[in-house]
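How does one read the features of a protein model step by step? The dialogue below takes up this question.

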Amino acid sequence: MKERKRSKKETGERDLLRKGIVGVTYFFVVLFLVMMGYIVYFNAVKSKEIINSPYNVRLDSMSDRVVRGKILDSDGNVLAETIVSEDGLEKRNYPYGEIYAHVVGFDSMGKSGLESTENFDLLTSNAFFLEKLAKEFQEKKNIGDNVVTTLNTDLQTAAYKALGSYKGAVMVMEASTGKVLAMVSKPSFNPNHIADDWEWLTTDANSTLLNRATQGAYAPGSIFKIVTTLEYMRENPDYSDYFYVCESKITEGETTIHCAGNRAHGEETLADSLANSCNASYSNIGLGLDLTSYRKTAEELLFNAKLPTLLPYTKSKFQLTKDSDTSEVMMTAIGQGKTQVSPYHMTLISAAIANGGTLMQPYLVEQVENYTGTTISKNMPERYGTLMTSAEAAQLKEYMAGVVQNGTGKALNGGNYTVAGKTGTAEYSSDKAKSHSWFTGFTNVENPELVISVVVESADNSGMSAVSVAKQVLNAYYD
């Protein structure tokens with residue numbers, strides 16, 4: 001039988017149908033690949049965040065079968081534990097009370113700190129499987145895993161005491177590894193009484209629950225001159241020839257910037273300008289910078305960007321644009337104006353300088369172990385990224401060493417350790433009568449060890465300074 005020849009119309013319809021089927025097939029293949037990609041991304045990146053969310057009630061149901069594990073410092077001291085009474089009642093206990101409140105956190109009225117970020121591990125038991133099976137049959141709870149932190153109780157206690165009655169924060173970490181050794185925020189609270197104190201804590205004008213180390217947003221003051229110095233170096237290969245004569249102030253248009261105490265510093269190099277924290281010189285430097293490049297450098301140092309941490313934090317802000325006016329440029333160059341930063345972020349910048357330009361991934365958990373001490377998982381130091389070249393880091397390290405040897409950080413001289421750093425005073429009121437005190441830097445300059453950042457709120461003229469706090473902390477560690 002002779003096959004009927006298809007008309008052009010029929011052929012066109014079949015072609016359209018075929019194309020439609022192919023298009024739908026491609027669509028579902030792409031959709032499948034996107035879904036698979038998201039599943040991989042979720043498991044690799046987002047799963048722990050979701051699992052550890054304080055709003056994940058399914059995870060908390062694990063506490064029906066597991067006694068929450070301990071949180072320990074790097075020497076095995078107990079920072080948080082669950083005490084079970086004879087009648088089976090459980091109570092979370094925090095032996096160090098206010099000292100570790102913000103970083104360790106709390107486990108009632110919601111969760112915070114490590115109690116939140118390590119929730120899954122604390123409610124997971126990796127006890128011997130026969131023991132776990134036996135307890136299941138006996139309807140007894142298994143014991144959760146312990147989280148061993150990188151925190152050093154001697155440093156944490158020294159930092160807590162050094163701040164005294166002042167509000168502020170202290171951060172200490174290792175430059176070469178990224179281990180966080182201390183994280184103190186004041187005012188603090190007692191996590192043992194969190195339920196009883198919840199009402200006043202949530203309405204407290206002092207924001208006591210706020211972890212000022214990571215969530216504080218402060219004008220950086222003169223510690224930001226580190227960033228301005230780096231940008232000047234990048235724009236001017238002959239930066240070592242910089243020369244300025246300070247007459248105690250600088251005026252451009254309607255804006256006048258004074259040096260601290262109206263001091264005239266006289267003839268200064270770039271190194272002298274940083275050591276003396278000369279506002280006039282740095283305002284002069286700021287006026288000559290390419291603002292687009294300045295912003296790029298700030299953002300390479302993680303301003304306006306995500307910070308590497310699992311704890312809640314506040315993004316630092318750098319708001320200069322190519323259209324910013326003269327006044328804003330001059331103020332930003334000396335760390336005033338609209339710029340904001342946290343002590344945690346300044347620690348990261350100093351750590352990168354100390355470590356040859358490379359920032360190591362900061363971490364708070366050394367390892368997870370079962371209740372008998374068998375290691376389940378262990379964190380190792382890893383590289384986060386390069387914030388600057390090794391040559392730039394070496395030059396900034398030299399300049400920061402000069403701040404302590406010959407400049408505003410002289411009080412840190414004389415110990416059995418060396419320090420490189422930068423001091424700062426940040427005005428925070430419109431009448432310029434109130435200020436925060438800052439210090440950021442690192443120890444053992446030739447082979448950097450500890451990185452430390454301190455902010456003391458409302459230091460004003462009380463005699464309290466971030467340098468004195470840093471010195472007490474470092475003395476406690478090295479002595």
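A learner and a teacher discuss strands, salt bridges, a cavity and a surface patch in this predicted model.

Q: How many residues of strand E19 are buried?

A: A residue counts as buried when its relative accessible area is under 20%. In strand E19 (residues 450-456), seven of the seven residues are buried, so the strand is largely enclosed by the rest of the structure.

Q: Which way do the side chains of E19 point?

A: In a regular strand, side chains alternate between the two faces of the sheet. Here Leu450, Ile452, Val454 and Val456 point one way, while Val451, Ser453 and Val455 point the other way. The residues on both sides are buried.

Q: Which strands pair with E19?

A: Strand E7 (residues 168-174) runs antiparallel to E19 and is joined to it by seven bridges; within this pairing, Val172 has Ile452 as its bridge partner. Strand E18 (residues 435-443) is also antiparallel to E19, with six bridges, and there Phe442 is partnered with Val451. E18 and E19 form a hairpin with six residues between them, and Asn444 in the turn has a positive phi of about 50°.

Q: How many salt bridges does the structure hold, and what does the one between Asp107 and Arg68 tie together?

A: A salt bridge requires a side-chain nitrogen of Lys or Arg within 4 Å of a carboxyl oxygen of Asp or Glu. The structure holds 13 of them. One of these joins the side chains of Asp107 and Arg68 at 3.7 Å, N to O. Asp107 lies in the loop between helices H3 and H4, and Arg68 in the loop between strands E1 and E2, so the pair ties together parts that are 39 residues apart in sequence. Asp107 is partly exposed, at 24% relative accessible area, whereas Arg68 is buried, at 7%.

Q: Where do Glu115 and Arg92 lie?

A: Their side chains meet in a salt bridge of 2.9 Å, N to O. Glu115 lies in helix H4 and Arg92 in strand E4 (residues 90-93), so this pair links parts 23 residues apart in sequence. Both Glu115 and Arg92 are buried.

Q: What lines the largest cavity?

A: The structure holds one cavity of 30 Å³ or more. The largest cavity has a volume of about 40 Å³, and its lining includes Leu79, Tyr94, Tyr96 and Pro191.

Q: Which residues form the nonpolar patch on the surface?

A: Val24, Phe27, Phe28, Leu31 and Met35 form this patch, with about 500 Å² of accessible area together. Phe27 is found in helix H1 (residues 8-51).

How values were computed. Residues numbered from 1 in each chain as written. Predicted model: local features only at pLDDT ≥ 70, side-chain atom pairs only at ≥ 80, totals over all residues. Heavy atoms only, no water. Patch = residues over 30% accessible without salt bridge, like charges linked within 9 Å, V, L, I, M, F, W, Y side chains within 5 Å. Areas by Shrake-Rupley, 256 points an atom, 1.4 Å probe, with all protein chains shown as cover. Helix = DSSP H or I, 4+ residues; strand = E, 2+ residues; numbered from the N terminus. Buried < 20%, exposed > 50% of the residue type's maximum accessible area, 1.4 Å probe, protein only. Pairing = 2+ DSSP bridges. 1 Å grid on protein atoms, 1.4 Å probe; cavity = no way out; pocket = protein on both sides within 12 Å on 5 of 7 lines; lining within 4 Å. Points joined across faces, edges and corners; volume = space filled by probe spheres on them.
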